[in-house]
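Grab a pencil and work through a few short exercises on the chain below. Try each task yourself before you read its solution.

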Amino acid sequence: MKKMLLILVLAICSYANAQKGSILVMGNVTFNSQKNSNSNSNAENKQNYFGFQPKVGYQFHENWTAGIEADITSNKQDFNDGTQFKDRIYAFGGFLRYSKPLGGIFSAYADLGVGYKNKKETNKNAIGQYYNDSDGFYVGLTPAIFIDIKKGFGLNFSIGGINYSALNNDYASGATGKTKSLYSNFGQSFSVGISKNF
């Protein structure tokens, strides 16, 4: 099925490259909802995940684009015992993209993003509700492939990247701390985005 879809896309595509001085608008939207139950323990939980990553940039050179990016992520889990967990992430920053045509309608590119990140966690149980708040900065490098479908409108395919974040944590107990994380998910994730050059 995937091969047939790729062949179909290639068959209907016409060649067009993004030009210097054009505006790039793109984004990814992710939604996942699942319900798990265990008949032995009568336990049940529901999970809803939503993510939105928009980008707007200006192509100031044949191979270079600079712009702003954002990341809005929400993850919520509800358990049948009344326990609830919410995790919300807000990030805003800038990105620099280097792109290189591969021939025809294909281009390879890599985005380097840097910016501010805020994470809010809410835990609710029978005792009460607790909040944890974290903020700091992030750095991410994401390589991808672009397929130009028609007149600058195309699809972006990514199989992961490298991400680093450093956050200062304020816990509900009044304690503070720091979290530094470096992770790579090359080959472990797959995303498809839509972009348009004006």
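## Warm-up: how far to trust the model

The mean pLDDT of this predicted chain is 85, and 88% of its residues reach 70 or more; pLDDT is the predictor's confidence in each residue, from 0 to 100. Over residues 1–17, though, the pLDDT is below 50, and beyond near neighbours in sequence this stretch has 19 contacts in the model, a contact being heavy atoms within 4.5 Å. Where pLDDT is low, the predicted coordinates should not be read in detail.

Some ground rules: residues are numbered from 1 along each chain as its sequence is written, and side-chain values use heavy atoms, with hydrogens and water left out. Since this is a predicted model, local features need pLDDT of at least 70 and side-chain atom pairs count only at pLDDT 80 or more, while totals for chains, interfaces and linings use all residues.

## Exercise 1: the whole chain

Work out what secondary structure the chain has and in which pattern it runs.

Step 1. Count the elements: there is one helix and there are 10 strands. Helices (H or I, at least four residues) and strands (E, at least two) are DSSP runs, numbered from the N terminus.

Step 2. Put them in order along the sequence, and you get α-β-β-β-β-β-β-β-β-β-β.

Step 3. Look at the contacts with a separation of 6 or more: 58% of them are between residues 24 or more positions apart.

Step 4. Check the burial: of the 198 residues, 32% are buried. Buried means under 20% relative accessible area, exposed over 50%, and partly exposed in between (1.4 Å probe, protein chains only).

## Exercise 2: Ser195 and Leu24

Find out whether Ser195 is buried or exposed, and what its side chain pairs with.

Step 1. Locate Ser195: it belongs to strand E10 (residues 191–197).

Step 2. Ser195 has 2% relative accessibility, so it counts as buried.

Step 3. Its side chain makes a polar contact of 3.1 Å with the side chain of Asn156. (A polar contact is a pair of N or O atoms within 3.5 Å; within protein, one must be able to donate a hydrogen and the other to accept it, and residues adjacent in sequence count only if both atoms are side-chain atoms.)

Step 4. Leaving out residues up to four places away in sequence, Ser195 touches several residues, among them Leu24, Phe146 and Gly154.

Step 5. Now hop over to Leu24, in strand E1 (residues 23–38). Leu24 is buried because its relative accessible area is 4%. Beyond four places in sequence, its contacts include Phe95, Arg97 and Ser195.

Step 6. The C-alpha atoms of Leu24 and Gly152 are 9.0 Å apart, although 128 residues separate the two along the chain.

## Exercise 3: Asp78 and Thr122

Which residue shares a polar contact with the side chain of Asp78?

Step 1. Start in strand E3 (residues 64–79), where Asp78 is found.

Step 2. Asp78 counts as partly exposed because its relative accessibility is 24%.

Step 3. The partner is Gln84, with 2.6 Å between the two side chains.

Step 4. Gln84 turns up again in the contacts of Thr122, together with Phe85, Lys86, Gln129, Tyr130 and Tyr131, once neighbours within four places in sequence are set aside. Thr122 lies in strand E5 (residues 106–124) and is buried, because its relative accessibility is 14%.

## Exercise 4: rings and charges

How many aromatic pairs does the structure hold?

Step 1. The number is three. Rings of Phe, Tyr and Trp (its six-membered ring) pair if their centres lie within 6.5 Å; planes under 30 degrees apart count as stacked, over 60 as edge-to-face and the rest as tilted.

Step 2. One of them joins Phe137 and Tyr164: a tilted pair, with 6.1 Å centre to centre and 55° between the planes. This pair links distant parts of the chain, with Phe137 in strand E6 (residues 129–150) and Tyr164 in strand E8 (residues 162–170), 27 residues apart.

Step 3. Now the charges: Lys55 lies over the face of Phe95, 4.9 Å from the ring centre, and the charged end of Arg97 sits over the ring of Tyr109, 3.8 Å from its centre. To qualify, NZ of Lys or CZ of Arg must be within 6 Å of the ring centre and within 35 degrees of the ring normal.
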